[in-house]
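Got a minute to look over a model? Here's a quick briefing to read alongside it.

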Amino acid sequence: MIQEALNFVDSGISAVQTLIYVDVVQPLLFHFNLMGYDDDIYDALYLVIIGVMQVGLTYLLLRPLEALRPVERWQDRKQVRADVIYTWIAKLGILNLLFFIVLQPVFNELQSQMVIHGLPSVDLDGLYPGVTDQPIVSFLMYLTVLDFAGYWYHRWQHRFGVWWELHAVHHSQQQMSLWSDDRNHFLDDIVQAAFFAAIALFIGVQPAQYVVLVAVGNFLQSVQHVNARLPYGPVLERLIVSPTFHRRHHAIGYGHEGTRYGCNFGVLFPWWDMLFRTASWERTVEPTGIRDQLPAPEGRSRRYGMGVIAQQVRALGRIARRLAPRRTSPRQPV
């Protein structure tokens with residue numbers, strides 16, 4: 001049933017893809033003498049359609065909840081504007097598939113060498129034939145493995161100083177909303193895309209499966225950042241990361257500060273936080289952002305930028321200052 005539904009959706013998207021390509025894209029490629037890129041652009045168009053559908057569906061489902069049951073009420077939504085731009089850039093998903101395609105020949109060669117030398121390969125859906133090769137089972141296995149990797153990737157973002165300065169772009173948002181998930185530094189996006197594409201290839205995920213995995217993960221992470229009170233309850237919030245659980249991670253102070261503190265790093269599932277004792281179930285609504293943004297004496301009134309370009313550039317500036325040699329005061333004579 002699930003596979004039939006996926007096939008039906010895929011057929012519908014493919015039909016729209018062909019229609020747009022033939023009537024809109026192909027004439028433009030011909031006009032500008034770019035027909036040499038027709039196959040690549042045709043394939044990328046599939047992801048663009050999925051991205052547009054995903055953004056539209058996310059907005060239709062979550063924006064009414066933010067209006068009806070908001071966690072915070074804001075006088076204006078200026079800080080959200082940049083996040084909308086980030087969302088459209090990220091949700092098109094081209095970066096993820098690009099790395100998947102680039103790394104595919106490398107892993108094909110690696111798998112060939114493993115066969116030649118008699119080394120076992122990783123094939124999760126072949127562990128128990130008849131069970132793990134069922135579409136829903138293999139999908140859940142892939143999702144779990146990638147989420148486990150995501151937990152550690154997220155912890156490393158908070159552990160290493162230079163990496164934190166990139167990730168701080170995400171944490172600088174003081175108005176959490178359904179758009180907040182994709183506020184990231186582009187360099188971090190590139191590293192993340194390469195990291196997860198490599199793992200997906202290594203465990204045997206096919207490109208079509210990977211597209212669905214990314215889409216599901218993106219939607220669930222949008223839900224986590226939503227500015228709405230959602231009744232997860234004590235059972236459901238221990239099965240999947242809730243907005244309350246993730247908001248604690250964004251809270252100024254214990255949630256994520258610097259490279260010394262942190263809790264609730266789980267991307268989709270809170271199991272890893274529970275296993276590695278980084279879970280916090282505090283339900284108090286706390287201000288989000290970074291302590292540096294606060295006025296003195298509690299903070300340093302540091303600006304993290306209101307627009308996309310400013311946020312990207314300021315992160316590089318923070319990295320440069322972190323890497324710059326520290327000046328030491330001259331030794332005083334005895």
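What follows covers salt bridges, one helix and one loop residue.

This is a predicted model, where local features need pLDDT of at least 70, side-chain atom pairs count only at pLDDT 80 or more, and totals for chains, interfaces and linings use all residues. Residues are numbered from 1 along each chain as its sequence is written, and side-chain values use heavy atoms, with hydrogens and water left out.

**Salt bridges**
- The structure holds 11 salt bridges (a side-chain nitrogen of Lys or Arg within 4 Å of a carboxyl oxygen of Asp or Glu).
- Glu165, Arg318 and Arg322 are linked in a network of them.
- Arginine 318 pairs with glutamate 165, with the closest N and O atoms 3.0 Å apart.
- Arginine 318 sits in helix α12 (residues 308-323) and glutamate 165 in helix α6 (residues 161-171), so this pair ties together parts 153 residues apart in sequence; helices here are DSSP runs of H or I, at least four residues, numbered from the N terminus.
- Glutamate 165 also pairs with arginine 322, the closest N and O atoms being 2.8 Å apart.
- At 7% relative accessibility, glutamate 165 is buried, while arginine 322 is partly exposed at 41% (buried is under 20% relative accessible area, exposed over 50%, partly exposed in between, using a 1.4 Å probe and protein chains only).

**Helix α7**
- Its 17 residues (186-202) should span 24 Å at 1.5 Å a residue, and the end C-alpha atoms are indeed 24 Å apart; the expected span is 1.5 Å times one less than the number of residues.
- Buried residues in α7 include Phe196 and Leu201.

**Arginine 73**
- Arginine 73 lies in the loop between α2 (38-68) and α3 (78-91), and is exposed at 68%.

Technical notes: Helix = DSSP H or I, 4+ residues; strand = E, 2+ residues; numbered from the N terminus.
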